[in-house]
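Let's go through this one together, a question at a time. Have the structure open as we talk.

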Amino acid sequence: MDNKVMNGLLTPKSVAIIGASATPGKIGHTVVKNLVESNYAGKIYPVNPKSDDILGLKCYHTVSEIPAQVDAAIITVPAKIVLDSIKECGEKGVKGAIIITSGFSEVGEKALEEELVKTAHSYGMRILGPNIVGVLSNSDKFNGSFAPFLPLKGSSSLVSQSGALLIGIDAATYLRGVGFDKLISIGNMSDVDFADTIEWLDMDEKTKCISLYIEGFKQGRKVIEAAQKAKKPIIGLKAGVSAHGAAAAASHTGSLAGASKIYDAAFKQAGIIWANDLNNLFDRTLALSLQPPMKGDNLLVLTNGGGVGVLATDAAEKYGVPLKFAPEDVQAELKKHMPEFGSAKNPVDLTGMAGTEWYSETVKYSIQHPWVDGLVVLYCETAMTNPLEIAQGIQKALQESGIKDKPVTVSYVGGEKSEEAMRWLVENGIPAYGAPDLAVNAIAALREFARNKENNHTEIAETGNFDKKAALAVIEKARQDGRSALTEMEAKQVFEAYQMPVTHSRVAKSEDEAVKLAKEIGYPLVMKIVSPQILHKSDAGGVKVNIKDEAAVRSAYQQILKNAKAYKADADIHGILVQEMAPMGTEVILGSVNDATFGPTVMFGLGGIFVEVLKDVTFRVAPFSKKQALEMMAEIKGAPILRGVRGEQPRDMDALADTICKYAHMVLDLADEISESDANPVLVYEQGKGLKVADARMLLKKK
Ligand code: ADP
Ligand code: MG
């Protein structure tokens with residue numbers, strides 16, 4: 001990324017407004033007016049062939065007429081002449097174009113949009129948009145947009161894919177008391193995208209927190225990489241989490257891989273903090289922009305009321321920072337600042353008698369104590385206390401404590417006076433919320449931020465000695481047969497090329513051959529139909545397990561053939577698979593999709609009803625570390641089953657994590673070949689005893 005160019009685009013010292021207009025109400029007029037009214041200190045050059053003067057500013061007939069350097073051009077002319085404007089700007093040496101005009105890829109005009117980018121790049125120019133509101137920056141007093149005014153001042157910057165939402169947020173900042181330094185509308189993201197803005201904002205001195213409103217990334221991996229490198233907290237609100245998953249797919253993974261789950265995984269890997277909704281985006285942004293990360297798990301809650309204390313306790317557990325009792329010495333000290341009936345455990349209940357002094361003393365002591373990593377202060381309005389005074393007491397105590405590297409959030413429950421006190425707190429750098437769970441949720445975001453920085457998600461599991469050639473040979477053969485799916489046997493050969501343990505199997509073309517193979521492999525056995533048209537073998541009565549002798553082999557052979565023909569008369573039957581029967585184990589499923597946004601992505605879950613009914617699965621974008629694989633295993637609801645419940649031995653977690661990593665490596669290595677795959681079930685045994693892939697499926701990409 002060329003920083004000078006990006007600076008020119010997002011914090012220009014001079015702007016041309018192409019399509020500037022003298023007619024009030026036109027966007028080309030509004031933009032000039034906004035620049036003037038925001039007291040922009042840079043040069044403003046309206047451009048319009050038919051005007052000489054707009055709002056008292058000299059209007060140029062062409063860009064080339066402008067007698068000085070132009071950093072950015074804000075383009076508002078109709079879509080069909082935008083390309084000409086870009087060429088003119090390129091010739092002039094403009095660094096970036098903020099294209100407000102719509103009517104490009106969002107209405108199907110993709111080629112025209114691509115042409116804009118190609119042309120801009122040929123001049124070393126970057127494009128923001130098209131189809132955007134513009135750029136607003138408080139620190140540059142720059143309202144290069146058609147949004148009516150600059151947002152409330154703040155130290156976070158927002159990047160929004162939706163223009164209308166950005167305008168709404170702009171106005172809402174005043175009502176909510178949550179400000180921003182910059183609002184950047186990125187619209188169609190034809191060129192500058194989330195990754196570019198994250199990278200740039202991470203270097204922007206005026207931005208402490210990066211907030212994103214996302215409808216969809218274009219290149220998911222690029223965003224993950226940019227976010228991983230960023231030092232500042234990034235919070236994202238993802239819209240449209242319910243849409244995508246509907247498409248029925250041939251494999252489990254396809255139907256389970258709703259957009260939400262993959263974005264969830266990508267956010268985790270990227271270290272992007274999740275916002276649940278718009279309110280949550282505001283609330284968490286406030287905390288992330290005002291307070292330091294919470295570097296440990298010890299959260300202390302101070303309160304003057306039991307009720308809000310309990311609500312905070314519930315929230316703490318829900319948001320991943322469960323409360324622990326404070327150590328004895330902390331309790332003993334805190335006891336001195338409350339009546340006999342107070343509680344010094346955690347939450348620390350100072351009782352309704354708590355006035356400014358008790359709050360100040362306990363806040364100061366707590367934040368200084370090494371055990372405390374973060375502090376939530378709760379207050380319920382009472383008749384005897386003054387909300388604003390208490391707020392001032394809290395702030396003074398924090399200041400006097402000298403502690404700057406531990407976060408504090410506050411919640412007031414009360415009326416007008418409490419509102420006023422909370423506004424005062426926010427203005428003085430302390431995030432304050434109207435409900436205890438919001439204050440806890442906000443501090444949990446600061447804990448997440450610290451955890452993200454501790455976890456190095458860029459680490460990748462070591463790869464083994466894989467035989468890609470062998471895998472490709474199997475795939476090539478299937479392609480030559482004109483097939484888009486591998487048989488179980490073939491899929492397992494690919495798995496084996498990536499060193500995953502599979503159940504040994506052979507294909508029998510006749511009943512006698514099945515008997516012969518059975519002897520070689522040894523009882524007990526499993527027999528299965530081999531047909532490219534029957535992907536879900538059990539559904540066709542195509543699987544027989546626990547076959548113990550020759551008679552059973554013969555009858556299974558006949559039965560499976562009969563069932564398959566009844567199921568699909570024209571199915572192409574390659575034979576019957578004779579397979580080693582693996583001992584009983586815990587059934588888990590591995591799956592992969594080649595996601596349009598993120599590329600090869602791996603799913604993990606427990607098999608059977610856990611996946612079928614409960615959809616208890618989790619995802620990661622490949623590749624990832626073994627630690628991530630272990631994290632996947634720990635984060636599903638059924639995790640205790642792997643750890644061993646009711647006296648059962650724990651499963652072989654290490655072997656499983658290893659296999660998940662190998663699987664991730666396989667789907668990444670074969671990304672050009674595989675569209676979806678799964679291993680269902682994988683049978684996992686006791687610790688030290690490994691696992692076996694009992695069934696495998698693989699769908700090929702169309703070529
Ligand atoms: P499907 O195509 O229906 O998924 P599978 O090959 O998964 O067929 O077989 C169905 C079930 O049979 C599996 O879920 C598993 O419980 C059992 N099974 C299949 N193969 C084996 C094997 N080699 N050893 C033990 N159990 C097996
Ligand atoms: Mg199966």
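**Around the ligand**

The shell around ligand 1 is made up of 8 nonpolar, 5 polar and 7 charged residues; here Ala, Val, Leu, Ile, Met, Phe, Trp, Tyr, Cys and Pro count as nonpolar, Asp, Glu, Lys and Arg as charged, and the others, Gly among them, as polar. This is a predicted model, where local features need pLDDT of at least 70 and side-chain atom pairs pLDDT 80 or more, while totals for chains, interfaces and linings use all residues. Residues are numbered from 1 along each chain as written, chains are lettered from A and ligands numbered from 1 in written order, and side-chain values use heavy atoms, without hydrogens and water.

Student: How many residues surround ligand 1?

Tutor: Count a residue if one of its heavy atoms lies within 4 Å of the ligand. Lys 528, Lys 537, Ser 538, Gln 579 and Asp 695 are the closest, and the full number around ligand 1 is 20.

Student: Which residue has a backbone N or O atom 2.9 Å from a nitrogen atom of ligand 1?

Tutor: We're after a polar contact, meaning a pair of N or O atoms within 3.5 Å. An oxygen atom of ligand 1 has its own partner at 2.8 Å, a polar backbone atom of Lys 537. For the nitrogen atom at 2.9 Å, the residue is Ala 582.

Student: Is Leu 116 buried or exposed?

Tutor: Leu 116 is part of helix α4 (residues 110-122), a helix being a DSSP run (H or I) of at least four residues. Buried means under 20% relative accessible area and exposed over 50%, with partly exposed in between (1.4 Å probe, protein chains only). Because its relative accessibility is 0%, Leu 116 is buried.

Conventions: Polar contact = N/O pair within 3.5 Å; in protein donor to acceptor, adjacent residues only side chain to side chain. Helix = DSSP H or I, 4+ residues; strand = E, 2+ residues; numbered from the N terminus.
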